[in-house]
Amino acid sequence: MGERLRGKVAFITGAGMGMGREAAVLFAEQGARVVVADIDAAAATQTVVLVEQAGGQALATVGDVALEADVRRMIEEGVRRFGRLDVLHNNAGVLWKDRDRSVLETDEKWWDRVMAINLKSVFWVTKYGIPELRKAGGGSVILMGSVSALAGFTRAQDAYTAAKGALISLAKSLAIQFARDRIRCNVIHPGIVDTPLQAPYLTDAIRKEFETGIPLGRIAQPREIAYVALFLASDESSFMTGTELVVDGGFTAG
Ligand SMILES: NC(=O)c1ccc[n+]([C@@H]2O[C@H](COP(=O)([O-])OP(=O)(O)OC[C@H]3O[C@@H](n4cnc5c(N)ncnc54)[C@H](O)[C@@H]3O)[C@@H](O)[C@H]2O)c1
């Protein structure tokens, strides 16, 4: 077991799969206790099993991050179990390329749902989570952006892009408001990562196209993003707030 998050409690949304699950296991390997918040009960429970197999402690809490009442309850469950919160890792997000397309083609229903899961969720997690970070004497808020927030794509997901872009502004506002409480807030912008979110879209042809366009010549593995979240969650990033880390294999540098 490492020590980089020793004594800390991390609340991770969307920790049932993909990068959230990877972060839950990695954070636990580094000494954190983890609140696994996800809409999928079976997936959340499976993450808890993986954390325990890694020698850590985790609690599965089930709800929809888009709903204020669910988030409030999940935070309360986490605090009741572990007594404090030090890290809010706002990882949950959805990419629905079939329903969220160009502005010309997207129904209001899908705009609303994508914005609610990818953006409004952060409102609720920080609304109920920041008071807990204050009680703990400070902490780290991590927002999961995307390279979609930094560049346009001809094959558009405009609701997703707008939600991820808005996280950049929200991070700056949270960073400035709560800096004197020793609460930091930063954004991670992953490029393409090999997770269940991408799986339906990663045909051989699309994978090849990404690999050609990414300077490092491949898509990322979830742990490569989880390590960045670990750095932001830990005191190693103690002088970083209100900023962004792009983790895209050089994609946006090209
Ligand atoms: N995978 C990529 O290529 C990529 C790239 C850039 C950014 N991201 C962002 O990274 C984050 C994690 O992505 P991933 O690829 O690991 O996703 P994933 O689909 O593999 O896992 C997401 C998790 O979130 C949960 N979830 C979905 N809707 C929820 C809701 N309403 N309430 C609670 N939980 C919910 C799912 O059940 C799942 O466990 C997302 O915010 C995503 O937008 C992903």
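This is a short walk through a predicted model, one selection at a time.

**Stop 1: the sheet**

Start by showing the strands. You will find 7 of them forming an open sheet, in the order 3-2-1-4-5-6-7, with parallel pairing. Which strands stand at the edges? Select strand 3 (58-62) and strand 7: each has a single partner strand, so one side of each is left without a neighbour in the sheet. Now turn the view and follow the sheet across; from one strand to the next, the twist averages 15°.

Next, pick out strand 2 (residues 33-38) beside strand 3. The two pair in the parallel sense over 5 bridges. To see one spot along this pairing, select Asp 38, which stands opposite Val 62 in strand 3.

**Stop 2: helices on the sheet**

Keep the sheet in view and add helix 3 (residues 68-82). Helix 3 packs on the sheet and touches strand 1 (9-13), strand 2 and strand 3. Compare directions here: that of helix 3 makes about 160° with that of strand 3.

Then add helix 5, which lies across strand 5, strand 6 and strand 7. Helix 5 runs at about 160° to strand 6.

**Stop 3: helix 1**

Select residues 18-29, which make up helix 1. Here is a small check you can do in the viewer. At 1.5 Å a residue, the 12 residues should span 16 Å, and the end C-alpha atoms are 17 Å apart, which agrees.

Is helix 1 mostly covered or mostly open? Of its 12 residues, 9 are buried, so "mostly covered" is the right description. Among the buried residues are Gly 18, Met 19, Ala 23, Leu 26 and Phe 27. Now step past the end of the helix to Gly 31, which follows helix 1 and has a positive phi, near 100°.

**Stop 4: Thr 195**

Go to the loop between strand 6 (183-190) and helix 6 (204-213), and select Thr 195 there. Why does Thr 195 count as buried? Its relative accessible area is 9%, and the cut-off for buried is under 20%. Which residues does Thr 195 touch, leaving aside its neighbours within four places in sequence? They are Gly 18, Met 19 and Pro 222. You have met two of these already: Gly 18 and Met 19 are buried residues of helix 1.

**Stop 5: aromatic rings**

Time to show side chains. The model has 3 aromatic pairs. One of them is Phe 123 with Trp 124: the ring centres are 5.9 Å apart and the planes stand at 90°, so the pair is edge-to-face. The two partners are covered to unlike extents: Phe 123, at 49% relative accessibility, counts as partly exposed, whereas Trp 124, at 14%, counts as buried.

Now select Phe 153 and Phe 251. This aromatic pair is stacked, with 6.0 Å from centre to centre and 10° between the planes. Trace the chain and you will see that the pair links distant parts, 98 residues apart. Phe 153 is in the loop between strand 5 (139-144) and helix 5 (158-178), while Phe 251 is in the segment after strand 7 (244-247). Phe 153 is partly exposed at 37% relative accessibility, and Phe 251 is partly exposed too, at 28%.

**Last stop: Arg 99**

Finish with Arg 99 and two tryptophan rings. The charged end of Arg 99 sits over the ring of Trp 96, 4.5 Å from its centre. Arg 99 also lies over the face of Trp 110, at 4.9 Å from the ring centre.

Conventions: Residues are numbered from 1 along each chain as its sequence is written. This is a predicted model: local features need pLDDT of at least 70, side-chain atom pairs count only at pLDDT 80 or more; totals for chains, interfaces and linings use all residues. Side-chain values use heavy atoms; hydrogens and water are left out. Rings of Phe, Tyr and Trp (its six-membered ring) pair if their centres lie within 6.5 Å; planes under 30 degrees apart count as stacked, over 60 as edge-to-face and the rest as tilted. Buried means under 20% relative accessible area, exposed over 50%, partly exposed in between (1.4 Å probe, protein chains only). Helices (H or I, at least four residues) and strands (E, at least two) are DSSP runs, numbered from the N terminus. A charge sits over a ring if NZ of Lys or CZ of Arg is within 6 Å of the ring centre and within 35 degrees of the ring normal. Contact means heavy atoms within 4.5 Å. Two strands pair if DSSP finds at least two bridges between them. Axes are lines fitted to C-alpha atoms, for helices over the stretch in contact, and angles run from 0 to 180 degrees between N-to-C directions. The expected span of a helix is 1.5 Å times one less than its number of residues.
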